[in-house]
Amino acid sequence: MQLLITNIKELLQVRETNIEKVSGKEMATLPTIKNAFLLIENDYIINFGEMNDCPNTDSKKVIDATGKIVLPTWCDSHTHIVYAGNREQEFVDRINGLSYEEIANRGGGILNSAKKLNETSEEEIYNQSKYRLEEIMQQGTGAVEIKSGYGLTVDGELKMLRVIKKLAKNYPITIKATFLGAHAFPKEYKENHSGYIDLIINEMLPKIAEENLADYIDAFLETGYFSVEETERIMIAGKKYGLQAKIHVNQFTAINGIEACVKHNALTVDHLEIITDEDIEALKNSKTMSVALPSCSYFISIPYTPARKMITAGLPLALASDSNPGTTPSGNMNFVVATACIKMKMTPEEAINAATINGAYAMGISETHGSITKGKKANFIITKPLNSYYELPYLFGSNLIEKVFIDGKLV
Ligand SMILES: N=CN[C@@H](CCC(=O)O)C(=O)O
Ligand SMILES: [Zn+2]
């Protein structure tokens, strides 16, 4: 059965030939077609163009999109949406003056979520997490990366990754799984870092590989968490199992971690709220994608990733939600795009590129996702009637999405 979308006011992110990402100045260009059609067969985009060239409607299901914008679904390359319970008490503690670091030092933060996760059954974690997955699909996300990292024990990490695998099996959204055993040091390893890293490398990784539970490996490279050398051990070990690195780095401090990530051929470096000129130099001429997480900056009041400086330096930039119970309890990519425009001074074109094709690159799926291209997955959003796509970030508090299609099906 074919599905034909007609009279589209403007079709965004159309790429005749596929590209894997956009960098620097190229990010300012968002190719579009006004008064367009889009033709879908089963899971795939098979044609698009101007209404003048629209195929006939015989034996096709037709949706009239008069006044509406159509664009690819968001590609959210950094989330932690599988977790147990919430951390709303820490939210109030922050309002009352405590910092993220102070909360973590009192046993809150990641260790708080790890305690809850280890006390909760796999089924219950699945039920809590599927609600969040369904919510982001309704908000226009068509591909998502989900990390472990709230287990911090062999059983806990495996439990999280099995939940991610089950979600991937039961939902049409494309899911990439990232093993984040190196998210924090459990209390009992506080003075024995190498002991915990040995556990990750010798116990967790072989089991994860045996069950084929992860696509990528991550670590929290940060002062007070994993050092450059400790993260390098994790990246090297992951590589032996075919897991490329996607690393949390430069969230609070710059300690030369980015250079190490580039050296180990990381697919992405994520956060980058604090970034030095040397970090930017290290990223130039590499294949490593920088990923900014503006909702996290918003929620815990830390600096925004300096997008303008990075784009001017010619770098590519992706946007992701960082959805997690501590620093970003929201997976809403519409808010991410709006916040990138409002706070990071990205143009709507740059932000949409960053949240679609560059987000796809940041999950290794830009062959199949992230643009309106023949042969790609039929993942797209139909908005409510809009004056122009500028209203997507401008009307930042409104729900502007009318319909979301993933694999050619309405979700
Ligand atoms: N910074 C490390 N990890 C998460 C936060 C984890 C948490 O606080 O639960 C992040 O990306 O912001
Ligand atoms: Zn994160």
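N256 sits in the loop between β10 and α8 (257-263). In this predicted model, its phi is near 65°, a positive value in a residue other than glycine. That's worth a second look, because most residues other than glycine have a negative phi. As for its surroundings, N256 counts as partly exposed because it has 14 C-beta neighbours inside 10 Å, short of the 20 that a buried residue needs.

N7 has a positive phi too, near 55°, and again the residue is not a glycine. This one is found in a strand, β1 (residues 2-12). N7 is partly exposed, with 16 other C-beta atoms within 10 Å.

Can you trust details like these? On the predictor's own terms, the protein averages a pLDDT of 97, and 100% of the residues score at least 70. The complex gets an ipTM of 0.98 and a pTM of 0.98.

Now to the sheet. Eight strands make up an open sheet, running β6-β7-β8-β9-β10-β11-β12-β13, and the pairing is parallel. At the edges you'll find β6 (74-79) and β13 (317-319), each of which pairs on one side only. From one strand to the next, the twist averages 25°. Further in, β10 (residues 244-249) pairs with β11 (residues 268-271) over four bridges, in the parallel sense. One residue to pick out here is H248, whose bridge partner in β11 is D270. Lying across β6, β7 (141-147), β12 (289-292) and β13 is helix α12 (residues 333-344), which runs at about 130° to β13.

Which residues does UniProt list for "binding site"? The record, an unreviewed entry, gives H78, H80, H248 and D322. They are spread over 245 residues of sequence, yet they cluster in space, with a largest C-alpha distance of 12.1 Å.

Two of these, H78 and H248, can be placed on the sheet: H78 is in strand β6, and H248 is in strand β10. Are they buried or exposed? H78 counts as buried because it has 30 C-beta neighbours inside 10 Å, and H248 counts as buried with 28.

Their contacts fill in the picture. Setting aside residues up to four places away in sequence, H78 touches E145, D270, V291, L293, A320, S321 and D322. D322 is itself one of the listed positions. With the neighbours within four places left out, H248 is in contact with D218, A219, F220, L221, E222, D270 and H271. So D270 turns up in the contacts of H78 and of H248, besides being the bridge partner of H248.

Here are the C-beta counts for the four residues discussed so far:

| Residue | Element | C-beta neighbours within 10 Å |
|---|---|---|
| N7 | strand β1 | 16 atoms |
| H78 | strand β6 | 30 atoms |
| H248 | strand β10 | 28 atoms |
| N256 | loop between β10 and α8 | 14 atoms |

Stepping back to the whole protein, there are 15 helices and 16 strands. A compact globule of 411 residues would have a radius of gyration near 22 Å, and the protein's 21 Å agrees with that. Along the principal axes, the C-alpha atoms fill a box of roughly 70 × 45 × 45 Å. Buried residues make up 51% of the 411. Of the contacts with a separation of 6 or more, 73% come from residues 24 or more positions apart.

Methods
Residues numbered from 1 in each chain as written. Chains lettered and ligands numbered in written order. Predicted model: local features only at pLDDT ≥ 70, side-chain atom pairs only at ≥ 80, totals over all residues. Pairing = 2+ DSSP bridges. Helix = DSSP H or I, 4+ residues; strand = E, 2+ residues; numbered from the N terminus. Axes fitted to C-alpha atoms, helices over the stretch in contact; angles between N-to-C directions. Contact = placed C-beta atoms within 7 Å. pLDDT = per-residue confidence, 0-100. Buried ≥ 20, exposed ≤ 12 C-beta atoms within 10 Å, placed from the backbone. UniProt positions renumbered as here; feature names shortened; annotations may be inferred. Rg over C-alpha atoms; globule rule 2.2 N^0.38 Å.
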